[in-house]
Amino acid sequence: KFAGLDSSHRMVYQVVERAGNKGIWTRDIQNQTNIESKSLTKIYKELEKRRLIKPVKSVTAKTKRLYILFDIIPAKEIT
């Protein structure tokens with residue numbers, strides 16, 4: 001499932017994986033990985049296309065976007 005992905009893709013995936021079913025904000029991913037937002041957008045699209053992560057809209061902050069692993073059901077607090 002990681003064939004053809006570089007280290008930055010794997011780094012983002014691992015950060016999202018550590019967040020579990022609570023998800024992680026895009027800003028927190030950027031802070032933890034030190035990858036610029038333009039590159040992160042491309043990484044998100046690639047990981048979403050491969051069905052590794054999925055975006056989730058938070059109830060508490062509608063403009064922010066959370067990411068969780070594709071096969072995890074989000075926690076009740078965020079949906």
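Here is a short walk through this structure, one selection at a time. Keep in mind that what you have open is a predicted model.

**Stop 1: the sheet**

Start by selecting three strands: E1 (residues 24-25), E2 (residues 53-57) and E3 (residues 65-69). Together they make an open sheet, in the order E1-E3-E2, with antiparallel pairing. E1 and E2 sit at the edges with a single partner strand each, so each has one side left without a neighbour in the sheet.

Now bring in helix H3, residues 37-49. H3 packs on the sheet and touches E2 and E3. Look along H3 and then along E2: their directions make an angle of about 110°.

**Stop 2: strand E3 and its partners**

Zoom in on E3. How many of its five residues are buried? Four of them are, so the strand is largely enclosed by the rest of the structure.

Next, check who faces whom. On one side, E1 and E3 pair over two bridges, in the antiparallel sense. Select Trp-25 and you'll find Leu-66 of E3 standing opposite. On the other pairing, E2 and E3 are also antiparallel, over five bridges. Try two pairs here: Ile-53 stands opposite Leu-69 of E3, and Lys-57 has Arg-65 of E3 as its bridge partner.

**Stop 3: Thr-33**

Hop over to helix H2, residues 26-33, and pick out Thr-33. Is Thr-33 buried or exposed? Its relative accessibility is 7%, and buried means under 20%, so Thr-33 counts as buried.

Show the side chain of Thr-33 and look for the backbone oxygen of Ile-29: a polar atom of that side chain lies 2.8 Å from this oxygen. Then colour the residues that Thr-33 touches, leaving aside those up to four places away in sequence: Met-11, Val-12, Val-15 and Leu-40.

**Stop 4: the largest pocket**

Last stop! Rolling a probe the size of a water molecule over the atoms shows where empty space is left. Here the largest pocket has a volume of about 150 Å³. To see its lining, select Thr-26, Arg-27, Gln-30, Ser-37, Leu-40, Thr-41, Tyr-44, Arg-65 and Tyr-67.

Which elements give two or more residues to that lining? They are H2, H3 and E3, and H3 gives the most, with four residues. You've met some of these residues already: Leu-40 is one of the residues touched by Thr-33, and Arg-65 is the bridge partner of Lys-57.

Terms used:
Residues are numbered from 1 along each chain as its sequence is written. This is a predicted model: local features need pLDDT of at least 70, side-chain atom pairs count only at pLDDT 80 or more; totals for chains, interfaces and linings use all residues. Side-chain values use heavy atoms; hydrogens and water are left out. Buried means under 20% relative accessible area, exposed over 50%, partly exposed in between (1.4 Å probe, protein chains only). A polar contact is a pair of N or O atoms within 3.5 Å; within protein, one must be able to donate a hydrogen and the other to accept it, and residues adjacent in sequence count only if both atoms are side-chain atoms. Contact means heavy atoms within 4.5 Å. Two strands pair if DSSP finds at least two bridges between them. Axes are lines fitted to C-alpha atoms, for helices over the stretch in contact, and angles run from 0 to 180 degrees between N-to-C directions. On a 1 Å grid over the protein atoms alone, a cavity is a set of points where a 1.4 Å probe fits but cannot get out, and a pocket is an open set with protein on both sides within 12 Å along at least five of seven lines; lining residues have an atom within 4 Å of a point. Grid points are joined across faces, edges and corners, and a volume is the space filled by probe spheres set on the points.
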